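Dear colleague,

I am passing on the structure below, together with my notes on it. Please read the notes with the coordinates open beside them.

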Amino acid sequence: MSQGEVCGKIQSRKWIGKLVAPVSGEILETNEAIEDDTSLVNTDPYGKGWILVIEASNLDEELGNLMKGNALVSFIEAEVKRAEEEKAKAK
């Protein structure tokens, strides 16, 4: 799998989004526990709510491509605004 490639989906009651690989590499393991209790992703994301384990193939170079800090805040704000506009159009 390559960085940026869709490797799954995230679904809520009214929304389905793409799960994009943060880095290139091989998926070693997926968390089957979240299939039975999806709330773990929100309630314990760094513990029992992990999604997958990736053995990165080019980690040092690709870490620089990840969003962080203000870039991440801006992205989240834009996504929230986009979702609100789509919701308003659907009404």
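**Notes on the structure**

Leu 28 is in contact with Val 53 and Glu 55, once its neighbours within four places in sequence are left aside. This residue belongs to strand S3, which covers residues 25-30, and with a relative accessible area of 49% Leu 28 is classed as partly exposed, because that class runs up to 50%. Pro 45, which is 17 residues from Leu 28 in sequence, is 18 Å from it in space, C-alpha to C-alpha. Please keep in mind throughout that this is a predicted model.

As for the chain as a whole, its secondary structure comes to 4 helices and 4 strands, and these follow one another along the sequence in the pattern β-β-β-α-α-β-α-α. Along the principal axes, the C-alpha atoms fill a box of roughly 45 × 35 × 20 Å. Of the 91 residues in the protein chain, 12% are buried, while the chain exposes about 7500 Å², with carbon and sulfur atoms supplying 53% of that area. If one takes the contacts between residues at least 6 apart in sequence, 38% of them join residues that are at least 24 apart.

The charged side chains comprise 11 positive and 17 negative ones, and the centres of the two sets lie 14 Å apart. Side chains of opposite charge can pair when their charged atoms come close. How many salt bridges does a search of the whole structure find? The search returns 2, and Arg 82 takes part in one with Glu 79 and in another with Glu 86, so that Glu 79, Arg 82 and Glu 86 are linked in a network, a salt bridge being counted within 4 Å.

In the pair formed by Arg 82 and Glu 79, the closest N and O atoms are 2.7 Å apart, and the two residues are separated by about one helical turn because they stand 3 residues apart in helix H4, residues 70-90. In the pair formed by Arg 82 and Glu 86, the distance from N to O is 2.6 Å; here too both residues lie in helix H4, 4 residues apart, which is about one turn of the helix. Each member of the network is partly exposed, with relative accessibilities of 34% for Arg 82, 29% for Glu 79 and 46% for Glu 86.

Glu 62 deserves a separate paragraph. What is the nearest side chain of opposite charge to Glu 62, and how far away is it? That side chain is Lys 68, at 13 Å, and Glu 62 is buried yet has no salt bridge, because a salt bridge requires a nitrogen of Lys or Arg within 4 Å of the carboxyl oxygen. The residue is found in helix H3, residues 59-62, and its side chain reaches the backbone nitrogen of Ser 24 at 2.6 Å. Not counting residues up to four places away in sequence, Glu 62 touches Gln 3, Val 23 and Ser 24.

Lastly, Trp 15 lies in the loop between strand S1 (6-11) and strand S2 (16-20), and its relative accessible area of 45% makes it partly exposed. Trp 15 and Ala 83 are 68 residues apart in sequence, and their C-alpha atoms are 9.7 Å apart in space.

With kind regards

Technical notes: Residues are numbered from 1 along each chain as its sequence is written. This is a predicted model: local features need pLDDT of at least 70, side-chain atom pairs count only at pLDDT 80 or more; totals for chains, interfaces and linings use all residues. Side-chain values use heavy atoms; hydrogens and water are left out. Buried means under 20% relative accessible area, exposed over 50%, partly exposed in between (1.4 Å probe, protein chains only). Lys and Arg count as positive and Asp and Glu as negative; His and the chain ends are not counted. A polar contact is a pair of N or O atoms within 3.5 Å; within protein, one must be able to donate a hydrogen and the other to accept it, and residues adjacent in sequence count only if both atoms are side-chain atoms. Contact means heavy atoms within 4.5 Å. Accessible areas come from the Shrake-Rupley method with a 1.4 Å probe; for residues, only the protein chains shown count as cover. The place of a charge is taken as NZ of Lys, CZ of Arg, CG of Asp or CD of Glu.
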